[in-house]
Amino acid sequence: MTLLTKSVENIRKRNQKCCLLALDIAGAFDNASHPVILKQLRKIKCPPNTYSMVKDFLCKRTAHVMVGNTVSSKRVAKGCPQGSVSGPTLWNIIIGDLITLLSNVTNVKTVVFADDIMIILQGPSLPAIIKELQNTLKEVDNWCEGNGLVIAKDKTALMPMFTRDKEEIINHPTVRERKIKIVTQMKYLGVTLDSKLDWYPHTIYLENKVLSIRNNLVRCSTANWGLTFHNLLTI
């Protein structure tokens, strides 16, 4: 989060325009292809012993479903369960290739945590950013197609920073055809980011959250039972 906010602030100091693209890959962990993982390991010249271990771990995996006395089995060639020990590492092997690809796109910076992908687009004007957006989405589309993944359009959003003139972006064919949502705030890694970067929406979110906790505590404290007033104050 610090890297993201500092990057945006530095762009503003240079009097450049900036947009944040929250990119969502549909079912990222569930659709992580095992052949793609092995391909990427070969591409980065993974040590043979590590490669063989991962290959052995991924090969001949099956899923079983029992309905009554009937069992149905299917070969599984994709998926690294989110929350598993190996899941994040296997996904990082795939997403690392996209990060490398986008690092070669002009005026684009990528911040990634697991499957939360934030792309920072910058340029001297909004039309310049639209051009970078077109180039970036084209690169991502090609990468997704080659790796058996798809962009989740309903969850992907674009947030122009520090500008009131959003009509040029909202009405652009690239944005309209792809049905990209234009937002003034978005949640990233549990933090509510806003287009002014003044943290007011996040402050309101925290205020409501704390108020809810406080009200729940109050319900546990009465004159005759539950938490004492002194303990409530301490909490």
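1. Let me start at the C-terminal hairpin. Strand S8 (residues 185-188) runs antiparallel to S9, and four bridges join the two. Keep in mind throughout that this is a predicted model. In the register of this pair, Gln185 sits across from Asp194 in S9. The hairpin leaves two residues between the strands, and Leu189 in the turn takes a positive phi of about 55°.

2. Staying with S9 (residues 191-194), have a look at what surrounds the strand. Both of its faces are covered. Val191 and Leu193 are buried on one side, and Thr192 and Asp194 are buried on the other. So Asp194, the residue opposite Gln185, counts as buried here, since the cut-off is under 20% relative accessible area.

3. There is another hairpin earlier in the chain, made of S2 and S3, again with two residues between the strands. Strand S2 (residues 61-67) and strand S3 (residues 70-76) are antiparallel and share seven bridges. If you want to check the register, Thr62 stands opposite Arg75 in S3. In the turn, Gly68 has a positive phi of about 65°.

4. Now the five-stranded sheet. Which order do the strands take? Reading across, you get S4-S5-S1-S6-S7, in an open sheet with mixed pairing. The edges are strand S4 (108-113) and strand S7 (181-182), each with pairing on one side only. As a general reminder, strands in a sheet are held together by backbone hydrogen bonds, in either a parallel or an antiparallel sense.

5. Within that sheet, the S1-S5 pair is worth a click. Strand S1 (residues 17-23) and strand S5 (residues 116-123) are paired antiparallel, with seven bridges. Leu21 is the residue facing Ile119 in S5.

6. Next, the stretch after S1. Ser33 belongs to the loop between S1 and helix H2 (34-43). Is Ser33 buried or exposed? Its relative accessible area is 16%, so it is buried, the cut-off being under 20%. Setting aside residues up to four places away in sequence, Ser33 touches Ala77, Lys78, Ile94 and Asn147.

7. His34 is part of helix H2. Its relative accessibility is 4%, so it counts as buried, given that anything under 20% does. Which residues does His34 contact, beyond those within four places in sequence? They are Leu58, Arg61, Val76, Ala77, Lys78 and Gly79. Arg61 falls in strand S2 and Val76 in strand S3, so you can trace His34 to both strands of that hairpin through these contacts, counted for heavy atoms within 4.5 Å. Ala77 and Lys78 also turn up among the contacts of Ser33.

8. For a sense of scale, try a distance from His34 to Ile169. The two are 135 residues apart in sequence, and their C-alpha atoms are 38 Å apart in space.

9. Finally, the chain as a whole. It has nine helices and nine strands. Its radius of gyration is 23 Å, well over the 18 Å that the globule rule gives for 235 residues, so the chain is more spread out than a compact globule. Along the principal axes, the C-alpha atoms fill a box of roughly 65 × 60 × 35 Å. Of the 235 residues, 37% count as buried.

10. A few more totals for your notes. Of the contacts between residues at least 6 apart in sequence, 65% link residues at least 24 apart. The accessible surface is about 14,500 Å², with 55% of it on carbon and sulfur atoms. On charges, there are 31 positive and 19 negative, and their mean positions lie 4 Å apart.

Notes:
Residues numbered from 1 in each chain as written. Predicted model: local features only at pLDDT ≥ 70, side-chain atom pairs only at ≥ 80, totals over all residues. Heavy atoms only, no water. Rg over C-alpha atoms; globule rule 2.2 N^0.38 Å. Buried < 20%, exposed > 50% of the residue type's maximum accessible area, 1.4 Å probe, protein only. Areas by Shrake-Rupley, 256 points an atom, 1.4 Å probe, with all protein chains shown as cover. Lys, Arg positive; Asp, Glu negative; His and termini not counted. Charge placed at Lys NZ, Arg CZ, Asp CG, Glu CD. Pairing = 2+ DSSP bridges.
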